[in-house]
Amino acid sequence: MRTAYSVETVRAAERELMARLPEGALMQRAAAGLAAVCAGLLRRVYGARVVLLVGPGDNGGDALYAGARLARRGAGVTAVPMDPERVHAGGLRALLAAGGRVEQGVPGRADLVLDGLVGIGGRGGLRPAAAALVERIPAGAVVVAVDLPSGVDADTGEVAGAAVRADVTVTFGAYKPGLLIDPGASRTGALRLVDIGLSLPEPDAEALQHADVAALLPEPEASSDKYRRGVVGIVAGSVQYPGAAVLAVAGALRGGAGAVRYVGPAADAVLARYPETLIGRGRVQAWVVGPGLGEGRAAEVAQALADPVPVLVDADGLRGLDPQVLRARPAETLLTPHAGEAAALLGVDRQSVESARLSSVRSLAAQYGATALLKGSTTLVSHGGGPVRVNPTGTPWLATAGSGDVLSGLAGSLLASGLPARDAASAAAYLHGLAGRRAASGAPLLAQQIAEALPEAWRGIRRP
């Protein structure tokens, strides 16, 4: 599992550690790890052309000290300061002593470029002087970001202007949320963590990996039957949107529950595609309500919420939800909005949600007393306390009609199998993203293909 920590938390841990170490020791640890990663990326260090884009802060110092280590191994290292009057003095002395040089312009050729312009405390897009240097990065050079790509907000992943797009990001001590959450995550490239000895509390965010999800997925025992494995009820679809019901059922059938029960006007369409489906109301271990319901179905949402079992509410079911009703429920509620639906639930505009996704998903969970899964290029899960879970799988091709219906059915099925809402949401998002990535393989896909790829994704997680 990857755990991520806010800038404030990381800074506090760094101060505590620096108080116990000789002056400069922490920067030397970071620089040594950075130089080792860079050396591994180069075909050979001796004779390699390395350019350092140097800002005035500690990130610039990290880049200079790492450059000095590469220069001592025979690399030709050129430092290009953003502000020649404000350069880390110790790092500059080390680079020059090792045979590196300083120039005012970015060389036209380079094998590797180190982005040491802005550190984790930076906010907003790059300033003009820094942006001008980034624009001149030579084509074909491997771009390595120091701690995070300059111009990315370390706490939120927001990119408010010009920013570096790295091939590799070498981060120190701990991952930062902005490295895991889009749009920042899409600019980090491959992530490498250098351990510098920080003592850290509970993380602000975490990203599950294969082994974590494998431990959550239900597996039937020899004595299991379809009812013991859980029955999930699907209240979805309408005359106008029968496909939503079909797709939600498709996701549910592949989500680990023993049976799927459908309630709604699209029964014929569901049975035509999936004759395994049970039709009509009956006892269930969880409900999924909302996909494709259309207008005027609030009574069905209320009926599902009145059942003392976990309920997933999506799409049309999210309209007009009463936080007091959800807070009074004896069982868990899982809300799965996209940014527009989340904005309506929070009473803000969509851009407010998109620009602050981490705080928005926390607000949803807190305000409604529920677990919230905020869909998007980076899906986030919050249950009102503890770290927000950041889903690392997926592909932009998942932005297609019906994709969310498959996700709802899948997550509801995991709820019915007995997973807590936070785990069901996290595992479903991970599987859904992995299935979408495999089904697309770089080309457009249909929502039904996501459902069809779920068994392969499930097996891949269990037996990577």
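Welcome to a look at the enclosed spaces in this structure: the count comes to 2 cavities of 30 Å³ or more. The model is a predicted one. Rolling a probe the size of a water molecule over the atoms shows where empty space is left. Here is what surrounds each of the two cavities.

**The largest cavity**

- The volume of the largest cavity is about 60 Å³.
- Its lining is made up of L208, T379, V381, R389, V390, N391, P392, S426, A429 and Y430.
- Two elements, β18 (388-390) and α16 (421-440), each give at least two residues to the lining of the largest cavity.
- Of the elements, α16 provides the largest share of this lining, with 3 residues.
- Sorted by class, the lining of the largest cavity holds 6 nonpolar residues, 3 polar ones and 1 charged one.

**The second largest cavity**

- The second largest cavity encloses about 40 Å³ of space.
- Around the second largest cavity you will find T156, G157 and E158, then I181, D182 and P183, and also E354, S355, A356, R357 and L358.
- Helices α13 (350-355) and α14 (357-368) each contribute at least two residues to the lining of the second largest cavity.
- The classes here are 4 nonpolar, 3 polar and 4 charged residues.

**Side by side**

- Where the lining of the largest cavity includes 1 charged residue, the lining of the second largest cavity includes 4.
- The polar count is 3 in the lining of the largest cavity and 3 in that of the second largest cavity.

How values were computed
Residues numbered from 1 in each chain as written. Predicted model: local features only at pLDDT ≥ 70, side-chain atom pairs only at ≥ 80, totals over all residues. Heavy atoms only, no water. 1 Å grid on protein atoms, 1.4 Å probe; cavity = no way out; pocket = protein on both sides within 12 Å on 5 of 7 lines; lining within 4 Å. Points joined across faces, edges and corners; volume = space filled by probe spheres on them. Helix = DSSP H or I, 4+ residues; strand = E, 2+ residues; numbered from the N terminus. Nonpolar A, V, L, I, M, F, W, Y, C, P; charged D, E, K, R; others polar.
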